[in-house]
Amino acid sequence: MSPTQSRAIQIDQHGGPEQLKLVQVTVGEPGPGEIRIRHKAVGLNFIDVYQRSGLYPMSMPLQLGMEAAGVVEAVGEGVTHLQVGDRAAYASQPPGAYCDLRVMPAKCVCKLPDGISFDTGAAMMLKGLTAQYLLKKTLPQGGLNPGDFVLFHAAAGGVGLIACQWAKAMGLRLIGTAGSKEKCALALANGAEYAINYAAEDFAARVKEITGGKGVKVVYDSVGKDTWDKSLDCLAPFGLMASFGNASGPVAPMAPGILGPKGSIYLTRQTLFTHIATRESTQAMADDLFAVVESGQVKIHIAQRFALEDVQLAHRALEARQTTGCTLLTL
């Protein structure tokens with residue numbers, strides 16, 4: 001079969017949204033362990049901004065995008081879990097999802113259940129798998145049990161709205177934070193028991209008030225610099241500070257010695273791609289996500305759609321915190 005042309009979004013150097021360019025690329029046949037997939041929808045994530053800006057340095061030229069859904073067009077040698085014609089979705093390294101068609105490793109690509117649309121699949125994989133590993137695998141001492149308090153920053157974002165609903169289904173008492181009254185209302189409508197507008201309130205003081213001075217067992221933080229110090233003060237003794245992003249900027253270096261006086265607390269920096277390093281772990285996590293979505297306990301909120309050629313506008317909206325829920329690039 002002759003090579004096929006595809007539209008793709010590429011950058012030639014790190015920088016602002018103006019670096020995002022629509023180009024034509026040639027897509028060939030999948031090699032061993034690979035598939036070729038034709039996308040129906042593409043997900044937008046904050047990691048895309050980190051890679052574009054250079055916070056996460058990448059080799060150039062770079063085709064961006066970590067998440068999409070579509071139909072498998074060709075299967076390489078050794079791939080047994082996917083067939084031509086399968087509906088599929090993924091969150092996967094290497095980047096390259098901002099396109100119509102790509103060849104990629106099959107390892108992290110999962111068959112998409114018939115009851116889940118392409119749009120939902122593209123919107124939920126990276127964010128939903130992130131919520132899964134946080135709530136199910138990134139746990140404080142003694143684990144999480146029904147009735148436990150957790151603090152989740154950016155609760156009205158893509159990961160946050162999924163986490164609010166999933167935590168409620170698990171019986172957890174989730175305290176969400178967000179940057180506006182409207183975003184707080186959205187978090188509450190999706191299962192957060194409390195929501196704090198950290199632009200207007202001291203969230204650490206409010207958390208202590210809510211928990212009767214005890215603090216929470218775990219803080220899930222993708223905001224970074226702006227929320228870091230006060231987050232540590234929200235933890236109960238032996239609590240866990242779980243960092244998984246830095247939307248407001250990277251956290252300054254800190255001395256481990258401060259963790260002792262704050263209650264012998266634990267600190268971890270998690271990434272999705274460690275959790276989905278194998279085919280088996282990826283599928284197990286995806287099965288958990290698919291089940292909770294198909295049950296209706298978690299609904300995927302797609303609040304923004306941008307055409308592929310309008311990707312610069314999408315990145316600007318994301319960085320300006322003008323988005324809620326999930327954002328898609330349409331093809």
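**Terms and values in the predicted model**

Me: Elements β15, α9 and β16 make a right-handed β-α-β unit. What makes a crossover right-handed?

Reply: With the strands pointing away from the viewer, the path from the first strand over the helix to the second must run clockwise; the unit of β15, α9 and β16 has this hand. The model is predicted, so local features need pLDDT of at least 70 and side-chain atom pairs count only at pLDDT 80 or more, while totals for chains, interfaces and linings use all residues. Residues are numbered from 1 along each chain as its sequence is written, and side-chain values use heavy atoms, with hydrogens and water left out.

Me: How do you know that β15 and β16 pair?

Reply: Strands are DSSP runs of E of at least two residues, and helices are runs of H or I of at least four, numbered from the N terminus. Two strands pair if DSSP finds at least two bridges between them. Strands β15 (302–307) and β16 (326–330) share five bridges in the parallel sense, so the criterion is met. Within this pairing, Arg-305 stands opposite Leu-328 of β16.

Me: Why is Asp-100 called buried?

Reply: Buried means under 20% relative accessible area, exposed means over 50%, and partly exposed lies in between (1.4 Å probe, protein chains only). Asp-100 has 16% and is therefore buried, although this residue lies in the loop between β6 and β7. Leu-172, in the loop between α3 and β10, is likewise buried, at 7%.

Me: What makes the approach of Asp-100 and Arg-7 a polar contact?

Reply: A polar contact is a pair of N or O atoms within 3.5 Å; within protein, one must be able to donate a hydrogen and the other to accept it, and residues adjacent in sequence count only if both atoms are side-chain atoms. The side chains of Asp-100 and Arg-7 are joined at 2.9 Å, so the distance satisfies the limit. By the separate contact criterion (heavy atoms within 4.5 Å), the partners of Asp-100 beyond four places in sequence include Ser-6, Ile-37 and Leu-331.

Me: Why is the pair Arg-36 and Glu-73 called a salt bridge?

Reply: The term requires a side-chain nitrogen of Lys or Arg within 4 Å of a carboxyl oxygen of Asp or Glu. In this pair the closest N and O atoms are 3.1 Å apart, so the term applies. Arg-36 lies in β3 and Glu-73 in β5, so the pair ties together parts 37 residues apart in sequence. Arg-36 is buried, at 2%, whereas Glu-73 is partly exposed, at 27%. Both residues also belong to a salt-bridge network with Glu-29 and Arg-38.

Me: How do you know that Glu-201 and Arg-206 form a salt bridge?

Reply: Their closest N and O atoms are 3.8 Å apart, which therefore falls within the limit. Glu-201 is partly exposed, at 36%, and Arg-206 is also partly exposed, at 23%. By this rule the count comes to 17 salt bridges.

Me: What makes a set of residues a nonpolar core?

Reply: Its members are buried Ala, Val, Leu, Ile, Met, Phe, Trp, Tyr and Cys residues joined through side-chain atoms within 4.5 Å. The largest such core has 53 residues, and Met-125, Leu-129, Tyr-220 and Leu-272 have the most contacts inside it. Helix α2 gives the most to this core, with ten residues. A second, separate core of 28 residues includes Leu-44 and Val-79.
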